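Please open the model in your viewer and keep the sequence beside it. The stops below go from one selection to the next, with a note on what to find at each.

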Amino acid sequence: MPELPEVETIRRALLKALPGRKITETNVRESRLRWPVDVEKVNRMVTDQVVKTVERRAKYLLIQLSNESSLVVHLGMSGQLLLLTDSRPLQKHDHVIFHIDDRSELRFRDPRRFGMVDVVSSAALTRYPRFAGLGFEPLDVHVTHDILFQKAKRSKKPIKNLLMDASFIVGVGNIYANEALFYAKIHPLTPSNKLGETDWQRLLEKLRDVLTQAIQEGGTTLNDFVNSNGETGYFQLSLAVYGRSGETCANCGKTIQRIVQAGRSSFFCATCQRLKS
DNA sequence: CGGGCGGCCTGGAGGC
DNA sequence: TGCCTCCAGGCCGCCC
């Protein structure tokens with residue numbers, strides 16, 4: 001569930017609190033995450049380190065530490081990274097706890113255990129296997145619509161699937177792929193190589209609008225997303241098509257459709273988003 | 001090799 | 001009210 005805006009929301013909250021603070025103790029209570037946590041390595045490389053800054057790559061959070069390494073956290077689909085200023089009872093799915101020197105706690109909570117926690121030295125980060133195949137950052141100003149157009153014209157896969165393909169562009173999950181395509185008036189089944197340069201100009205612009213707006217509204221809370229302070233986001237109130245099959249299109253009044261692509265629901269307005277083939 | 005899909009995992013929703 | 005089934009989805013790995 002957490003896509004780029006939700007991860008970015010958490011990054012910004014952590015950035016206000018963590019830099020300069022020391023992690024005094026690390027406690028891995030459950031190591032069976034998406035990939036098994038190397039408990040000894042995490043304990044050794046994180047404990048007693050001071051947080052320098054907090055960055056993001058794709059949907060990964062990078063908490064940079066004073067020993068030139070980074071704590072790498074992915075929230076999967078149900079993960080939370082909570083900053084608790086007072087000690088509260090541990091919950092069933094509180095898998096990794098980081099104690100901070102101001103007596104607060106950073107807790108990785110993840111019922112479905114699709115997330116991951118790892119620590120990587122800065123030198124190894126550029127060669128980190130999980131980052132090796134990642135595509136463009138949509139909010140990077142160096143990424144232009146022409147770059148995307150040139151890369152996409154070799155692909156026949158539907159544009160919705162391409163937007164969710166992290167080897168092409170990162171951070172875009174099902175919610176924001178659907179929303180961006182709606183605003184750009186592009187049908188989700190459109191073969192990627194059928195999109196022209198002006199289509200890509202519009203699509204990148206609308207994708208950035210949607211992601212930026214979602215960050216401003218603190219992300220989208222559908223089931224369980226909360227930021228590091230335990231607060232929900234508000235962007236779900238602004239969703240135009242996602243989860244709204246059978247409802248009325250705000251633009252034209254026709255009914256919003258739902259289809260399944262690559263095992264994922266797509267929501268769109270067949271009137272506003274004409275399929276060109 | 002591009003593209004599709006199964007599997008991981010649990011909680012919540014819906015049906016009976 | 002309780003049990004069962006289904007669905008959500010990021011990512012990897014397997015398959016054709």
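**First stop: DNA strand B**

Begin by selecting DNA strand B together with the residues around it, namely R34, K92, H93, P111, R112, R113, F114, S155, K156, K157, N161 and A262, where a residue counts as near a strand if one of its heavy atoms lies within 4 Å of it. Of the atoms of DNA strand B that come within 4 Å of the protein, sugar and phosphate account for 65%. This is a predicted model, in which local features need pLDDT of at least 70 and side-chain atom pairs count only at pLDDT 80 or more, while totals for chains, interfaces and linings use all residues. Residues are numbered from 1 along each chain as its sequence is written, chains are lettered from A and ligands numbered from 1 in the order in which they are written, and side-chain values use heavy atoms, with hydrogens and water left out.

The surface near DNA strand B comprises three nonpolar, three polar and six charged residues; here Ala, Val, Leu, Ile, Met, Phe, Trp, Tyr, Cys and Pro count as nonpolar, Asp, Glu, Lys and Arg as charged, and the others, Gly among them, as polar. Now pick out individual atoms: a polar side-chain atom of R34 lies 3.5 Å from a base nitrogen of DNA strand B, whereas S155 places a side-chain N or O atom 3.3 Å from a phosphate oxygen of that strand. For K157 show the backbone, where an N or O atom is 3.3 Å from a phosphate oxygen of DNA strand B.

**Second stop: DNA strand C**

Which residues come nearest to DNA strand C? Of the 14 residues around this strand, they are H74, M77, R112, Y242 and R264. Sugar and phosphate make up 53% of the atoms of DNA strand C that come within 4 Å of the protein, and the residues of the surface near the strand divide into five nonpolar, four polar and five charged.

Select R264 to find a polar side-chain atom 2.9 Å from a base nitrogen of DNA strand C. Phosphate oxygens of DNA strand C are approached by side-chain N or O atoms of N174, at 3.4 Å, and of S265, at 3.3 Å.

**Third stop: the sheet**

Next, colour the eight strands that form an open sheet in the order β5-β7-β6-β1-β2-β3-β4-β8, with antiparallel pairing; strands are DSSP runs of E with at least two residues, helices runs of H or I with at least four, both numbered from the N terminus, and two strands pair if DSSP finds at least two bridges between them. At the edges are β5 and β8 (116-121), each of which pairs on one side only.

Zoom in on β5 (residues 80-84), where five of five residues are buried, that is, under 20% relative accessible area with a 1.4 Å probe and protein chains only, against over 50% for exposed and partly exposed in between. Q80, L82 and L84 point one way and L81 and L83 the other. Five bridges join β5 to the antiparallel strand β7 (residues 105-109), and L81 has F108 as its bridge partner there.

**Last stop: a loop**

Finally, select D38, in the loop between β1 and α2, which is partly exposed with a relative accessible area of 38%. Measuring from C-alpha to C-alpha, D38 and L163 are 32 Å apart in space, and they are 125 residues apart in sequence.

Notes
Polar contact = N/O pair within 3.5 Å; in protein donor to acceptor, adjacent residues only side chain to side chain.
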